[in-house]
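Okay, thanks for coming, everyone. Let me put the structure up, and then I'll talk about pockets and cysteines.

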Amino acid sequence: MTGKYVLTGGYVTTLDDSLGDFPIGAVLVEDGIIKAVGKAEDFETTGAEIIDTTDGVVIPGMVDTHRHTSMSLTRGIGADQALMHFLSNTYMRWLPATGVEDMRLSALVGALEALDSGVTTIIDTCESFHSREHAEAELQGLKDSGIRAFYAYGMCDLEYDGIPTGKDAWNARLGHLTEMNAANSSSESLVKVALQLSLLGTVPFELTTKEIEYAHQHEMLCCSHSCGLKNSCITTGIDELADNNLMMPGHVYIHCTNLTDRQMALIAQSQGKIAIAMETDMQMGMGIPPIRACLEHGIQPSLSIDTAAAVAPDLLFQMRLALQTQRCLDNEASHNRRLVPMTLEYTCRDALIWGTRNGADAVGLGDQIGTLTPGKRADIVFLSNKRFLSPSAFPLGTAVLHSTAADVDTVLVNGVIRKRDGQLVGQDVDLIRKKAKEGLQRILDNLETMMPEMTPEQISKYTVDAERSSRVNLAGAYNQDSRGDGFRQT
């Protein structure tokens with residue numbers, strides 16, 4: 001239930017440039033809306049429930065623009081895997097071994113992990129489901145959590161509900177997506193249906209064209225894993241999209257570690273967005289996350305954890321990693337010029353903006369969330385200082401560089417408290433933990449019927465085959481017979 005709350009006594013970082021920060025500030029929330037922000041001493045608290053934020057920091061809810069909740073029950077399986085090992089293992093073994101109820105449970109667990117760490121909005125980049133029931137289950141898991149989310153249904157042409165791989169399976173998916181969108185069309189819903197493109201190059205280009213046109217016509221958020229493997233054509237296709245006038249404003253391009261400068265400019269010119277997955281990009285061999293390249297092209301980067309199957313579900317860590325990695329790269333550039341670095345160009349505030357305000361803009365909700373601005377929806381996080389033995393001389397800096405999910409004391413989504421006093425609210429955590437353990441065991445048992453894990457030689461062949469398929473399908477962008485309505489020759 002929404003109510004009337006005053007978060008008061010802490011350092012309030014609004015990230016609204018017209019408001020600034022309040023060292024001892026307060027935020028008034030009523031009926032899901034931020035009603036006022038200012039100095040704590042100026043607030044009248046009559047009739048409001050007080051949330052004491054003394055010595056802590058109050059920030060906008062964090063926004064993760066690329067999180068695979070369907071992998072949450074298999075936490076850690078990708079910890080020591082490069083990308084192609086991870087993909088082959090996940091999509092050919094672990095996900096097919098996940099049952100319908102365990103898919104719902106995985107989405108619930110993944111969303112609750114996000115809330116627990118102060119993330120109030122996610123793009124849930126859903127997988128290439130093999131049944132309607134699995135797709136519906138993941139959507140339900142998000143709804144059950146109370147998070148704000150975009151359910152980015154993953155398109156592909158693989159087998160679906162017993163329909164063999166091919167265009168008929170692709171059509172079945174698109175039909176089901178249409179049904180889910182119609183059934184979840186309320187503007188008041190926290191969970192909205194979105195479209196995740198088939199991995200660029202994995203389906204004929206005419207299908208990619210139709211997916212983009214469908215999302216555009218239905219005004220759906222659209223995203224894609226793009227240019228995410230350096231030195232490979234896998235998931236490339238920016239040039240082909242541009243040559244066919246298919247780079248739509250607001251499209252969220254994920255990873256982007258393998259972009260040329262010109263391709264980055266194409267995204268900027270088309271008003272596209274970029275979601276960066278710092279840790280998995282670096283771990284899995286995808287390349288250096290393009291923070292500076294984004295900023296130099298006028299693209300405000302957003303951040304994501306990618307998948308708990310490989311990394312911790314804590315966006316605060318991704319902020320830290322993004323900031324310190326970029327600082328390291330900038331310092332090294334100075335070193336290479338035989339200079340001693342004298343300044344740090346990017347600040348803790350920048351990192352916080354990447355994980356909040358920029359994410360809100362990327363999902364098209366910058367006018368509703370992402371800053372603590374009166375009139376916006378009350379997606380708010382209170383980071384406590386209770387774990388530390390001393391106060392902070394620089395609250396914003398320590399909030400970004402010192403905090404973890406353990407310091408997330410209170411989380412509000414749309415004015416509803418989802419975490420308080422460091423504990424999730426409205427969820428039977430012990431029961432969920434018990435069910436998650438049982439679900440993982442069922443998946444492990446089901447693995448016995450799946451193909452064995454690929455050998456290094458098989459992974460190498462898998463990669464070569466994927467690259468060959470990508471070249472063939474992307475070439476279709478220039479085949480007159482396969483051009484969709486999106487092609488506008490100039």
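**Pockets and cysteines**

So, the lining of the largest pocket: by class, there are 25 nonpolar residues, 18 polar ones and seven charged ones. Keep in mind that we're looking at a predicted model.

How much space lies in that largest pocket? About 1200 Å³. It's lined by 50 residues, and the closest to its centre are Y91, S128, L158, L199 and Y462. Two helices to look for here are α1, at 83-94, and α15, at 456-475, and each of them supplies at least two residues of the lining. Which one gives the most? That's α1, with six residues.

Now the second largest pocket, with a volume of about 720 Å³. Here 33 residues do the lining, and F150, K192, E219, M220 and L221 are the closest to the centre. The strands β10 (148-154) and β11 (191-196) each put in at least two residues, and so does the helix α5 (205-217). Split the lining by class and you get 15 nonpolar, 13 polar and five charged residues.

On to the cysteines. How many disulfides does the count come to? Zero. Take C256, which is buried, with a relative accessible area of 1%. The closest cysteine sulfur to its own is in C227, 6.3 Å away, and that's too far for a bond because a disulfide needs the two sulfurs within 2.5 Å. C294 is buried too, at 0% relative accessibility. For C294 the closest cysteine sulfur is the one in C256, at 6.8 Å, so again it's too far for a bond.

How values were computed
Residues are numbered from 1 along each chain as its sequence is written. This is a predicted model: local features need pLDDT of at least 70, side-chain atom pairs count only at pLDDT 80 or more; totals for chains, interfaces and linings use all residues. Side-chain values use heavy atoms; hydrogens and water are left out. Buried means under 20% relative accessible area, exposed over 50%, partly exposed in between (1.4 Å probe, protein chains only). On a 1 Å grid over the protein atoms alone, a cavity is a set of points where a 1.4 Å probe fits but cannot get out, and a pocket is an open set with protein on both sides within 12 Å along at least five of seven lines; lining residues have an atom within 4 Å of a point. Grid points are joined across faces, edges and corners, and a volume is the space filled by probe spheres set on the points. Helices (H or I, at least four residues) and strands (E, at least two) are DSSP runs, numbered from the N terminus. Ala, Val, Leu, Ile, Met, Phe, Trp, Tyr, Cys and Pro count as nonpolar, Asp, Glu, Lys and Arg as charged, and the others, Gly among them, as polar.
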